[in-house]
Amino acid sequence: MNIYLAGPLGFTDSGRAFHARTIIPTIKNLGFNVLDPWAMTDEASIESVQSMPLGMERKLAWQALNDVIGENNHRAIDRSDILFAILDGVDVD
(Lines give C-alpha, C1' and ligand atoms only; values in the text may rest on other atoms or scores of the structure.)
Protein backbone atom coordinates (compact mmCIF):
# COMPACT_ATOMS: atom_id res chain seq x y z
CA MET A 1 0.00 0.00 0.00
CA ASN A 2 1.17 3.52 -0.81
CA ILE A 3 1.23 6.12 1.93
CA TYR A 4 1.73 9.82 1.21
CA LEU A 5 3.57 11.72 3.95
CA ALA A 6 2.29 15.27 4.36
CA GLY A 7 3.62 17.89 6.74
CA PRO A 8 5.98 20.78 7.33
CA LEU A 9 9.12 18.83 8.31
CA GLY A 10 10.97 19.45 5.05
CA PHE A 11 11.07 23.21 5.54
CA THR A 12 13.95 23.05 8.04
CA ASP A 13 17.19 21.06 8.12
CA SER A 14 16.34 19.50 11.49
CA GLY A 15 12.80 18.67 10.41
CA ARG A 16 14.02 17.17 7.17
CA ALA A 17 16.55 15.04 9.06
CA PHE A 18 13.85 13.78 11.44
CA HIS A 19 11.58 13.07 8.47
CA ALA A 20 14.30 11.10 6.67
CA ARG A 21 15.82 9.28 9.65
CA THR A 22 12.75 8.59 11.77
CA ILE A 23 9.41 9.03 10.01
CA ILE A 24 10.23 7.35 6.68
CA PRO A 25 11.98 4.28 8.17
CA THR A 26 9.17 3.81 10.70
CA ILE A 27 6.49 3.90 7.99
CA LYS A 28 8.51 1.56 5.76
CA ASN A 29 8.99 -0.87 8.65
CA LEU A 30 5.20 -1.03 8.94
CA GLY A 31 5.15 -2.36 5.36
CA PHE A 32 4.09 0.73 3.43
CA ASN A 33 5.55 2.14 0.24
CA VAL A 34 6.36 5.76 1.12
CA LEU A 35 5.44 8.58 -1.24
CA ASP A 36 7.67 11.35 0.09
CA PRO A 37 6.80 14.84 -1.18
CA TRP A 38 10.26 16.10 -0.21
CA ALA A 39 11.87 13.63 -2.63
CA MET A 40 9.55 14.06 -5.61
CA THR A 41 11.10 17.16 -7.13
CA ASP A 42 14.64 17.16 -8.46
CA GLU A 43 16.86 18.74 -5.78
CA ALA A 44 19.05 20.33 -8.46
CA SER A 45 16.02 22.23 -9.80
CA ILE A 46 15.26 23.59 -6.34
CA GLU A 47 18.89 24.52 -5.68
CA SER A 48 19.10 26.25 -9.06
CA VAL A 49 16.20 28.55 -8.23
CA GLN A 50 17.42 29.13 -4.66
CA SER A 51 20.80 30.23 -5.93
CA MET A 52 19.38 32.87 -8.26
CA PRO A 53 19.76 36.50 -7.23
CA LEU A 54 16.67 38.18 -5.84
CA GLY A 55 14.49 39.73 -8.50
CA MET A 56 11.79 39.11 -11.07
CA GLU A 57 13.64 36.27 -12.80
CA ARG A 58 13.89 34.34 -9.52
CA LYS A 59 10.24 35.05 -8.71
CA LEU A 60 9.14 33.71 -12.10
CA ALA A 61 11.39 30.67 -11.72
CA TRP A 62 9.81 29.92 -8.32
CA GLN A 63 6.33 30.25 -9.79
CA ALA A 64 7.18 27.75 -12.53
CA LEU A 65 8.84 25.35 -10.09
CA ASN A 66 5.90 25.61 -7.68
CA ASP A 67 3.65 24.34 -10.48
CA VAL A 68 5.97 21.33 -10.95
CA ILE A 69 6.09 20.65 -7.20
CA GLY A 70 2.30 20.92 -6.95
CA GLU A 71 1.76 18.54 -9.85
CA ASN A 72 4.25 16.02 -8.41
CA ASN A 73 2.38 16.08 -5.11
CA HIS A 74 -1.02 15.87 -6.80
CA ARG A 75 0.00 12.74 -8.71
CA ALA A 76 1.43 11.16 -5.55
CA ILE A 77 -1.72 11.85 -3.53
CA ASP A 78 -3.79 10.31 -6.33
CA ARG A 79 -1.58 7.18 -6.18
CA SER A 80 -1.78 6.89 -2.40
CA ASP A 81 -4.01 4.56 -0.44
CA ILE A 82 -3.44 6.45 2.82
CA LEU A 83 -2.36 9.97 3.68
CA PHE A 84 -0.28 10.45 6.84
CA ALA A 85 -0.24 14.09 7.91
CA ILE A 86 1.95 15.66 10.56
CA LEU A 87 0.07 18.70 11.82
CA ASP A 88 2.58 20.16 14.23
CA GLY A 89 5.10 22.96 14.39
CA VAL A 90 5.05 26.66 13.70
CA ASP A 91 3.89 26.22 10.09
CA VAL A 92 1.08 23.67 9.99
CA ASP A 93 1.14 22.82 6.31
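**A colleague's note on the salt bridges, cores and cavities**

1. Glu-43 is a good place to start: its relative accessibility is 32%, and this counts as partly exposed. The value falls in between the cut-offs, since buried means under 20% and exposed over 50%. Please keep in mind as you read that this is a predicted model.

2. What does Glu-43 pair with? Its side chain meets that of Arg-16 in a salt bridge, with 3.4 Å from N to O. Arg-16 belongs to helix α1 and Glu-43 to helix α2, so this pair ties together parts that lie 27 residues apart in sequence. Arg-16 is partly exposed too, at a relative accessible area of 30%. As background, side chains of opposite charge can pair when their charged atoms come close.

3. How many salt bridges does the count come to? There are two. Besides the pair just described, Arg-75 forms a salt bridge with Glu-71, and their closest N and O atoms are 3.5 Å apart. Both residues sit in helix α3, where being four residues apart separates them by about one helical turn. Arg-75 is partly exposed, with a relative accessible area of 43%, and Glu-71 is likewise partly exposed at 38% relative accessibility.

4. Now for the overall layout. The chain has three helices and three strands, and along the sequence they follow the pattern β-α-β-α-α-β. The C-alpha atoms fill a box of roughly 45 × 25 × 20 Å along the principal axes. Of the 93 residues, 32% are buried. If you take the contacts between residues at least 6 apart in sequence, 67% of them join residues at least 24 apart.

5. Which residues make up the largest nonpolar core? It has eight: Ile-3, Leu-5, Leu-9, Ile-23, Ile-24, Ile-27, Val-34 and Ile-86. Strand β1 (2-6) and helix α1 (13-29) each supply at least two of these residues, and the largest share, three residues, comes from α1. Apart from this core lies another one, of five residues, with Ile-46, Val-49, Met-52 and Ala-61 among them. In soluble globular proteins, nonpolar side chains tend to be buried together.

6. Ile-86 deserves a closer look in your viewer. Leaving aside neighbours within four places in sequence, Ile-86 is in contact with Ala-6, Gly-7, Pro-8, Leu-9 and Ile-23. Of these partners, Leu-9 and Ile-23 are members of the largest core along with Ile-86.

7. Ile-86 also turns up in the lining of the largest cavity, together with Leu-5, Ala-6, Gly-7, Pro-8, Leu-9, His-19, Trp-38 and Phe-84. How many cavities of 30 Å³ or more are there? The count comes to one. The largest cavity has a volume of about 50 Å³. Its lining divides into seven nonpolar residues, two polar and no charged.

8. The largest pocket holds about 440 Å³ of space. It is lined by 16 residues, and those nearest its centre are Phe-11, Pro-37, Trp-38, Ile-69 and Asn-73. Trp-38 is also listed in the lining of the largest cavity. Strand β1, helix α2 (43-50) and helix α3 (56-79) each supply at least two residues of the pocket lining. In contrast to the cavity, where no charged residue appears, the pocket lining includes three charged residues, next to eight nonpolar and five polar.

9. Two buried residues of helix α3 round off the picture. Leu-65 is found in this helix and counts as buried at 8% relative accessibility. Not counting neighbours within four places in sequence, Leu-65 is in contact with Thr-41, Ser-45, Ile-46 and Val-49. Ile-46 and Val-49 are among the residues of the five-residue core. Leu-65 and Pro-8 are 57 residues apart in sequence, and their C-alpha atoms are 18 Å apart in space.

10. The other residue is Asn-72, again in helix α3. Is Asn-72 buried or exposed? It is buried, with a relative accessible area of 14%, a value under the 20% cut-off. Setting aside residues up to four places away in sequence, Asn-72 touches Met-40 and Thr-41. Thr-41 is also a contact of Leu-65, and this makes Thr-41 a handy landmark when you look at helix α3 on screen.

Technical notes:
Residues are numbered from 1 along each chain as its sequence is written. This is a predicted model: local features need pLDDT of at least 70, side-chain atom pairs count only at pLDDT 80 or more; totals for chains, interfaces and linings use all residues. Side-chain values use heavy atoms; hydrogens and water are left out. A nonpolar core is a set of buried Ala, Val, Leu, Ile, Met, Phe, Trp, Tyr and Cys residues joined through side-chain atoms within 4.5 Å. Buried means under 20% relative accessible area, exposed over 50%, partly exposed in between (1.4 Å probe, protein chains only). Contact means heavy atoms within 4.5 Å. On a 1 Å grid over the protein atoms alone, a cavity is a set of points where a 1.4 Å probe fits but cannot get out, and a pocket is an open set with protein on both sides within 12 Å along at least five of seven lines; lining residues have an atom within 4 Å of a point. Grid points are joined across faces, edges and corners, and a volume is the space filled by probe spheres set on the points. Ala, Val, Leu, Ile, Met, Phe, Trp, Tyr, Cys and Pro count as nonpolar, Asp, Glu, Lys and Arg as charged, and the others, Gly among them, as polar. A salt bridge is a side-chain nitrogen of Lys or Arg within 4 Å of a carboxyl oxygen of Asp or Glu.
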